[in-house]
Amino acid sequence: MCTAISELSIIHSLCLCVCCMYDDTMDVKTRSRNRTVVPPAAATVPDLLPEEIVVEILARLPVKSLLCFKSVCRGWRAIISEPSFIRTQLQCSASKQEPSILISPHTLLGRCDIQPPVGGLGDWPNNFSTQISFYQWQRGASIARFMDATAIPANEFHLVCHFAHCDGLVLAPTDTNLYLFNPATRDTITLPDGHGDNHHHGTEMEACYAAGLGLDPVTRKYKVVRAFYRSVDPIRMGMEVFTVGETGAGCGWRETVTDPPYPVSRWLTAFTVNGGYLFWYMDRFRYPNDTLHGGLLWFSLQDQAFGVTLLPHSLDPALDDKVRPDVLHGELCVLHANSDTMTVTIWTTNSPSFDDWERRYCIYVSRLCHPMGLLGDGGMLLWAKHTIHRYDLWSDELTAVCELGGIRYQGGRPPRWKNLFNFSVMPYTESLVRITAAA
């Protein structure tokens, strides 16, 4: 279905024609005391094109346009609200060759006052602004397009952890709450408290912020998972699952049947692979078996099973600051920086057991970075600190394509940006996925 019509300009033209016809009919609406009478021409807007063509057209439009087109007529509203259409639109959005990047700037309340380590976060401030905003950027664009801004009540949280993305949804863990966003539809929810609602066990040093977001491939429900401490001495973690959009009796957080076999790094957000698997770095200071040093704990949303994936055998897990798990093009990957050769090696695995590693890329960069996606022209987008680079896999040329602190942002920069600390940057797929129960 997604390949039948390819020219976005034609799609926009067709929709504009239909909308113009609709606008003409709106001019002749007549009102009575209790109802609005619409001429027959307006009521038959969907009949101007076969429904399958309308679906083909609408599925390729930006979410912002789709939200407007829901007001055109009941027929279009019904189409756009259908779960099958939401899936089709998501597939079309994900199939675009040029990666879309979501940017969320993080600012501080006042100067950057680094506090003593909080919950294992090390040199991380705890005076973050509670204003969370999102911008969308694509390679070649001179401006980052504004998508959404949410003002969380002041002092509701003080510390922001790494964001997670899945099918257009963004999970924002903080030191008090978990927030879930769909920046395209501008929907936001604060997840309810669970067993780990205080995030601490005994002392501030034992804060637990480990969480993750994914899609259950069987139920097609999006789920949030988070860890909490059952005890500190000995160290024992539990995990609980929240199903997004679920209502009625029994909804809310549910503990997993079994506890994770090993504790995870309590400040890292999970990496999502194929939607249904979440990966955390195992806490190398906590688990007792040295053979698992530097391994990854995975959790399956389908059957709530836990497992362990070991890193490639050639890597030295003792070099913790030079090894980083990540996701590239939907596959689990591990990056290893070699300061002697000034290279970063990228290992990937797509085996069902996640233990068959392949040395896929060796790129000439001087520091660890985050892969943002593969490009159709033989390049790869990389993010490191405040810069997005394009790396040419043929010539090994590294080119800065976006200075996050220097590009223009739609709507300008608010005054609070004078205390800009860092950015959350992630590959992004725009979608209509709901985070609340359907009306």
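Let's start at a turn: strand 11 and strand 12 are linked by a hairpin, with two residues making the connection. Keep in mind that this is a predicted model. The two strands run antiparallel, and nine bridges hold the pairing between strand 11 and strand 12, which spans residues 235-243. If you want a spot to check by eye, look for serine 231, which sits opposite arginine 236 in strand 12.

Now turn to the other partner of strand 11. Strand 10, residues 211-215, also runs antiparallel to strand 11, and five bridges join the two. Here you can pick out alanine 211, whose bridge partner in strand 11 is arginine 226. These two strands form a hairpin as well, this time with six residues between them. In that turn, arginine 220 has a positive phi of about 60°.

So is strand 11 enclosed or not? Strand 11 covers residues 222-232, and nine of its 11 residues are buried, so the rest of the structure largely encloses it. A residue counts as buried here when its relative accessible area is under 20%.

Next, move along the chain to a sheet further on. Strands 18, 19, 20 and 21 make an open sheet in the order 18-19-20-21, with antiparallel pairing. Which strands stand at the edges? They are strand 18 (323-328) and strand 21 (358-363), and each has a single partner strand, so one side of each lacks a neighbour in the sheet. On average, neighbouring strands in this sheet are turned by 30° against each other, ignoring direction.

Zoom in on one pair from that sheet. Strand 20, residues 343-349, is joined to strand 21 by five bridges, and the two run antiparallel. One pairing to look for is threonine 348 with its bridge partner in strand 21, glutamate 358. As you follow strands like these, remember that side chains in a regular strand alternate between the two faces of the sheet.

For a change from strands, go back to helix 5, residues 74-81. Trp76, Ile79 and Ile80 are buried there. Around the axis they cover an arc of only 90°, which means that they lie on the same side of helix 5.

Finally, there's a loop worth a visit. Glycine 295 lies between strand 15 (277-281) and strand 16 (296-300). Is glycine 295 buried or exposed? Its relative accessibility is 0%, so it counts as buried. Glycine 295 and proline 312 are 17 residues apart along the chain, and their C-alpha atoms are separated by 9.5 Å.

Key: Residues numbered from 1 in each chain as written. Predicted model: local features only at pLDDT ≥ 70, side-chain atom pairs only at ≥ 80, totals over all residues. Heavy atoms only, no water. Pairing = 2+ DSSP bridges. Helix = DSSP H or I, 4+ residues; strand = E, 2+ residues; numbered from the N terminus. Axes fitted to C-alpha atoms, helices over the stretch in contact; angles between N-to-C directions. Buried < 20%, exposed > 50% of the residue type's maximum accessible area, 1.4 Å probe, protein only. Arc of directions from axis to C-beta.
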